[in-house]
Amino acid sequence: MPRPSKKAERTEEILDAFERCVARFGVDGSTLERVAKEAGLPRSLLRHNVGNRDELLQALLDRFFAKSNRLTADLLGALPETDRANQLVYYLFDGSSSDTQFAQVSQALVAAAPNHDNLQARVRTWVLNFVGSIAEEIQQSFPKANSQEVYEVASGIVGIYFNAESFAPLARMKKLRSASRNAAIRLLSTLSK
């Protein structure tokens with residue numbers, strides 16, 4: 001009886017290694033040689049299990065955006081029935097669920113986007129979808145607010161959040177996180193219920 005394929009397991013190992021490399025070296029600095037070394041596998045197994053570098057990047061993007069979408073859905077699903085917009089801001093900025101590697105990968109993707117057309121389009125869509133999700137949630141808490149103003153507030157909150165998350169690798173940034181949260185709450189307070 002033939003041995004079961006290890007392709008799915010190896011693919012995850014390779015994507016984990018690629019993600020660590022992207023967090024450390026950026027998208028363009030994450031060569032197949034570096035990924036193979038990080039994964040502890042020969043380069044030929046990268047090609048066999050995932051494909052060439054473009055296919056590896058696409059697989060990483062698929063996984064990254066799926067994880068981000070899942071985290072966003074979990075966040076929105078965990079909000080209480082009342083005071084949802086304020087609680088959303090507190091959840092975003094509390095830091096307990098901050099993932100340093102995820103933040104570094106997102107920064108690396110944004111930084112590399114101008115040099116890669118497909119990457120630029122996907123990262124743009126990811127950011128705009130996240131802002132849209134936050135705006136929808138805020139609009140529910142502020143039903144009388146103008147939708148353009150809600151979108152502007154959501155964009156501001158997301159911008160502040162991404163900025164605060166970008167400092168997550170520095171550790172001990174509690175004061176900055178708290179000030180960022182307070183700034184986001186001030187933005188919310190500009191909307192009329």
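Reader: Which residues in helix 4 meet Phe102, Val105, Ser106 and Leu109 in helix 6?

Author: Happy to walk through this one, keeping in mind that the model is predicted. The helix 6 side of the contact consists of Phe102, Val105, Ser106 and Leu109. Facing them from helix 4 are Leu61, Phe64, Lys67, Ser68 and Leu71.

Reader: How do the residues of that contact divide into nonpolar, polar and charged?

Author: Leu and Phe count as nonpolar, Lys as charged and Ser as polar. Applied to the contact of helix 4 with helix 6, this gives six nonpolar, two polar and one charged.

Reader: At what angle do helix 4 and helix 6 pack, and what does that make helix 4 relative to helix 6?

Author: Helix 4 spans residues 53–77 and helix 6 residues 100–112, and their axes are 12 Å apart. The angle between them is about 125°. Because angles over 145 degrees count as roughly antiparallel and 65 to 115 as roughly perpendicular, this one makes helix 4 oblique to helix 6.

Reader: Is Ala184 buried or exposed?

Author: Ala184 sits in helix 9, residues 174–188. The cut-off for buried is under 20% relative accessible area. Ala184 has 0% relative accessibility, so it counts as buried.

Reader: Which residues is Ala184 in contact with, leaving aside its neighbours within four places in sequence?

Author: Good follow-up! Contact calls for heavy atoms within 4.5 Å. With those neighbours set aside, Ala184 touches Val89, Phe93, Ile157 and Ile160.

Reader: Which element has the highest mean pLDDT?

Author: The mean for the protein is 92, with 97% of its residues at 70 or more. Helix 3 (residues 43–49) has the lowest mean of the elements, 89. The highest, 96, belongs to helix 8.

Key
Residues are numbered from 1 along each chain as its sequence is written. This is a predicted model: local features need pLDDT of at least 70, side-chain atom pairs count only at pLDDT 80 or more; totals for chains, interfaces and linings use all residues. Side-chain values use heavy atoms; hydrogens and water are left out. Axes are lines fitted to C-alpha atoms, for helices over the stretch in contact, and angles run from 0 to 180 degrees between N-to-C directions. Helices (H or I, at least four residues) and strands (E, at least two) are DSSP runs, numbered from the N terminus. Angles under 35 degrees count as roughly parallel, over 145 as roughly antiparallel, 65 to 115 as roughly perpendicular and the rest as oblique. pLDDT is the predictor's confidence in each residue, from 0 to 100. Buried means under 20% relative accessible area, exposed over 50%, partly exposed in between (1.4 Å probe, protein chains only).
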